[in-house]
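Subject: Structure handover

Hello,

Here is the structure I said I would pass on. My notes on its side-chain contacts follow below it.

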Amino acid sequence: MEVGSSDQKTSSKREREEFHVAHKIPSGDTPYVRAKHAQLVQKDPEAAIVLFWKAINAGDRVDSALKDMAVVMKQLDRSEEAIEAVKSFRGLCSKQSQESLDNVLIDLYKKCGKVEEQIELLKRKLRQIYQGQIFNGKPTKTARSHGKKFQVSVKQETSRLLGNLGWAYMQKPNYMAAEVVYKKAQMIDPDANKACNLSLCLIKQGRHDEARAILNNVLGGKLPGSNDHKPRTRAEELLLEVRLRQPQPDFSDLLGLDIDDDFVKGIEKLMNEWAPSRSKRLPVFEEISSFRDQLTY
């Protein structure tokens, strides 16, 4: 009898462990565990938010509870509320979680159309990179996406943030600033998706020949990701747009670069460290300077 009872307990424990692994929820019976169960198993986001709040107030895995709650709120179109929650309670979270909370805020700002806030936070994160605050002098760091860990390099992260910054500038719309940022991102870690966005910036400025050349590079498979279906399809659509548009440029909606000197110098310093043999001042920053001289603020 005792042997059978022991086997049943072992089997039951194994089943519980397999359940938690399959549904990607932690074990236990704390507010945070119950919140994850409501989110992932019961598919009840409203109940999950209530339990995430309980976890935060109880000090139960506050880092994860705040981030997960913000994600669920975003899914329910409660992004404004999520922004206030993250800003109000991030002080309770560990220093190690602040970077990922910034990433959550960037997504929430994008969802809410808060372009200025998104730009400011992206620029701050880029400053943190070239000041050595994020990677701590190391060439890579561990990142997490959809529950999986992976290594990301300084160049990859910088290019990713610059790509997001370029997209934010396009929403203003400030196509000249977006162009400069996308060009810099492509210098660091080029890919087909950012090339398409850069082409769109050029199209909006009436520079169709330059846009066409970049799009042909995508369709010619000359950039990483060129063979992926999404960027190829987008490149084809943009190339069609180039052919249909009138060649006359329209600069009436350009609002100025809005890129401050400290930000420019910081990114330039980072690039000089990566490529010390290059000219001390990169061509793209010469573009920024010339644009700044031409524009009246």
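**Salt bridges**

Glu210 and Arg207 are joined by a salt bridge between their side chains, with 2.9 Å from N to O. Please keep in mind that this is a predicted model. Glu210 is partly exposed, at 36% relative accessibility. The contact is also part of a wider set: a network of salt bridges links Glu179, Lys183, Arg207 and Glu210. As general background, side chains of opposite charge can pair when their charged atoms come close.

How many salt bridges does the structure hold? The count is 17. Two others are described here.

One of them is formed by Glu46 and Arg78, whose closest N and O atoms are 3.0 Å apart. Glu46 belongs to helix α3 (residues 45-58), while Arg78 sits in the loop between α4 (62-75) and α5 (79-89), so the salt bridge ties together parts of the chain that are 32 residues apart in sequence. Both ends are partly exposed: Glu46 has a relative accessible area of 43%, and Arg78 has 23% relative accessibility.

Glu157 and Arg160 form another, with 2.9 Å between the closest N and O atoms. Here the two partners lie in one helix, α8 (residues 154-170), and are three residues apart, about one turn of the helix. Is Glu157 buried or exposed? Glu157 is buried, because its relative accessible area of 6% is under the 20% cut-off. Arg160, at 35% relative accessibility, is partly exposed.

**Aromatic pairs**

The count of aromatic pairs is two. Tyr32 and Phe52 make up a tilted pair, with 6.0 Å from centre to centre and 50° between the planes. This pair links distant parts of the chain, since Tyr32 is in helix α2 (residues 31-40) and Phe52 is in helix α3, 20 residues apart. Both residues are buried: Tyr32 is at 6% relative accessibility, and Phe52 has a relative accessible area of 0%.

Trp53 and Phe89 have ring centres 5.3 Å apart and planes at 70°, so their pair is edge-to-face. It also links distant parts of the chain, with Trp53 in helix α3 and Phe89 in helix α5, 36 residues apart. Trp53 is partly exposed, with a relative accessible area of 24%, and Phe89 is partly exposed with 24% as well.

Helix α3 therefore appears in several of these contacts: Glu46 lies in it, as do Phe52 and Trp53.

Regards

Note on methods:
Residues numbered from 1 in each chain as written. Predicted model: local features only at pLDDT ≥ 70, side-chain atom pairs only at ≥ 80, totals over all residues. Heavy atoms only, no water. Salt bridge = Lys/Arg side-chain N within 4 Å of Asp/Glu carboxyl O. Helix = DSSP H or I, 4+ residues; strand = E, 2+ residues; numbered from the N terminus. Buried < 20%, exposed > 50% of the residue type's maximum accessible area, 1.4 Å probe, protein only. Phe/Tyr/Trp six-rings, centres within 6.5 Å; stacked < 30°, edge-to-face > 60°.
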